[in-house]
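Here is a walk through one protein model, from its sheet to its cores and then to a few local oddities. Have the structure open and follow along.

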Amino acid sequence: MNKRLLFLGPPGAGKGTQASLLCKKQDLLHLSTGDLLRAEVAAGTKLGIEAAEIMNSGGLVSDSLVLSIVEKRLASHNNCWLLDGFPRNLDQAMALEALLERIKQPIDAVILIDLADELLIERLLARGRSDDNEAVIRHRLEVYKEKTSPLIDYYNKQDLLKTIKGAGAVEQIANLIEISLS
Ligand code: B4P
């Protein structure tokens, strides 16, 4: 079984939706940097106050801040996890690689969920989170293309990447993900 997974994809592709389902089914620790950051914002911590403005503009929160959140949780868990929405740029990917080497927990597979821009925008507008208005969504898509999409090549070269089409019913996509991991 794949015990250490990473979910990659544009905002709104369904990373969070699919990660929750798979983690429940396979008893993996679900680490969503988006959720963790939103929890810090809701709790009004120093870290949350720093993150809120950047999240509401659609930008990326600083690498050091996100890394500190992830490191704390990974090191304290027993080896089976799914990282959702992290890493989001090459610096984060390299920092993660160094961390995983140190704790001897290599990634087993990277799932890329891919979806056309128009569908992404439609889904996010329907979701209606505070950072889901059209101008912010378009900015997030640009940030994804510029900063995050180079990770596709990065993980492809390591022979870890599996690409799943994100269009269709939630259960259908969940099925495709499970097949790709079997
Ligand atoms: P995230 O919380 O990661 O959210 P996301 O990328 O927008 O959404 P996701 O792909 O998980 O889509 P979802 O399942 O919800 O990021 C938010 C912000 O946090 C970032 O912009 C950034 O500022 C910050 N951040 C997070 N991680 C960071 C990092 N590592 N470094 C720096 N900053 C970071 O699905 C979207 C909608 O579609 C939902 O409403 C869902 O119900 C619906 N949906 C899902 N699957 C569907 C399907 N098959 N059909 C129809 N609708 C579907």
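## The sheet

Two strands count as paired if DSSP finds at least two bridges between them. Strand 2 and strand 3 clear that bar: four bridges join them, and they run parallel. Bear in mind that this is a predicted model.

Zoom out and you get an open sheet of five strands, in the order 2-3-1-4-5, with parallel pairing. Strand 2 (29-32) and strand 5 (161-165) sit at the edges, each pairing on one side only. From one strand to the next, the twist averages 20 degrees.

## Strand by strand

Start at the strand 2 edge. L29 has W81 in strand 3 as its bridge partner. Moving inward, strand 1 and strand 3 run parallel and are joined by four bridges, and here L5 stands opposite L82 of strand 3. At the far end, strand 4 and strand 5 also run parallel, with five bridges between them. I111 finds its bridge partner there in K162 of strand 5.

Which way do the side chains of strand 3 point? W81 and L83 go one way, L82 and D84 go the other, and all of them are buried. Helix 2 lies across strand 2 and strand 3, and runs at about 70 degrees to strand 2.

## Two cores

The largest nonpolar core has 30 residues. Those with the most contacts inside it are L37, L74, L83, L96, I107, V110 and Y155. Plenty of elements chip in with at least two residues each: strand 1 (4-8), helix 2 (33-43), helix 3 (46-57), helix 4 (63-75), strand 3 (81-84), helix 5 (90-102), strand 4 (109-114) and helix 8 (150-157). Helix 4 gives the largest share, six residues.

L74 is a good place to click. Setting aside its neighbours within four places in sequence, L74 is in contact with L31, W81, L96, L99, L100, I103 and Q105. There is also a second, separate core of 22 residues, and C80, L82, I113 and L124 are among them.

## Helix 7, inside and out

Helix 7 covers residues 134-148, and its length makes for a quick sanity check. At 1.5 Å a residue, its 15 residues should span 21 Å; the end C-alpha atoms are 20 Å apart, which agrees.

Which residues of helix 7 are buried? They are V136, I137, R140, L141, V143, Y144 and T148. These residues cover an arc of only 160 degrees around the axis, so they sit on the same side of helix 7. On the other side, A135, E142 and E146 are exposed. As for what covers the buried residues of helix 7, the list includes strand 1, helix 3, strand 4, helix 6 (117-127) and helix 8.

## Loops worth a look

Now for the backbone oddities. F86 and P87 are joined by a cis peptide bond, with omega at about 5 degrees. P87 is found in the loop between strand 3 and helix 5.

Two aspartates have positive phi values. Phi of D27 is near 55 degrees, a positive value in a residue other than glycine, and D27 sits in the loop between helix 1 (15-26) and strand 2. Phi of D159 is near 60 degrees, again positive in a residue other than glycine, and D159 lies in the loop between helix 8 and strand 5. Are they buried or exposed? D27 has a relative accessible area of 65% and D159 has 70%; the cut-off for exposed is over 50%, so D27 and D159 are exposed.

A116 lies in the loop between strand 4 and helix 6. With a relative accessible area of 47%, A116 counts as partly exposed, because that value falls between the 20% and 50% cut-offs. A116 and Q92 are 24 residues apart in sequence, and their C-alpha atoms are 25 Å apart in space.

Terms used. Residues are numbered from 1 along each chain as its sequence is written. This is a predicted model: local features need pLDDT of at least 70, side-chain atom pairs count only at pLDDT 80 or more; totals for chains, interfaces and linings use all residues. Side-chain values use heavy atoms; hydrogens and water are left out. A nonpolar core is a set of buried Ala, Val, Leu, Ile, Met, Phe, Trp, Tyr and Cys residues joined through side-chain atoms within 4.5 Å. Buried means under 20% relative accessible area, exposed over 50%, partly exposed in between (1.4 Å probe, protein chains only). Contact means heavy atoms within 4.5 Å. Axes are lines fitted to C-alpha atoms, for helices over the stretch in contact, and angles run from 0 to 180 degrees between N-to-C directions. The expected span of a helix is 1.5 Å times one less than its number of residues. The arc is that of the directions from the helix axis to the C-beta atoms.
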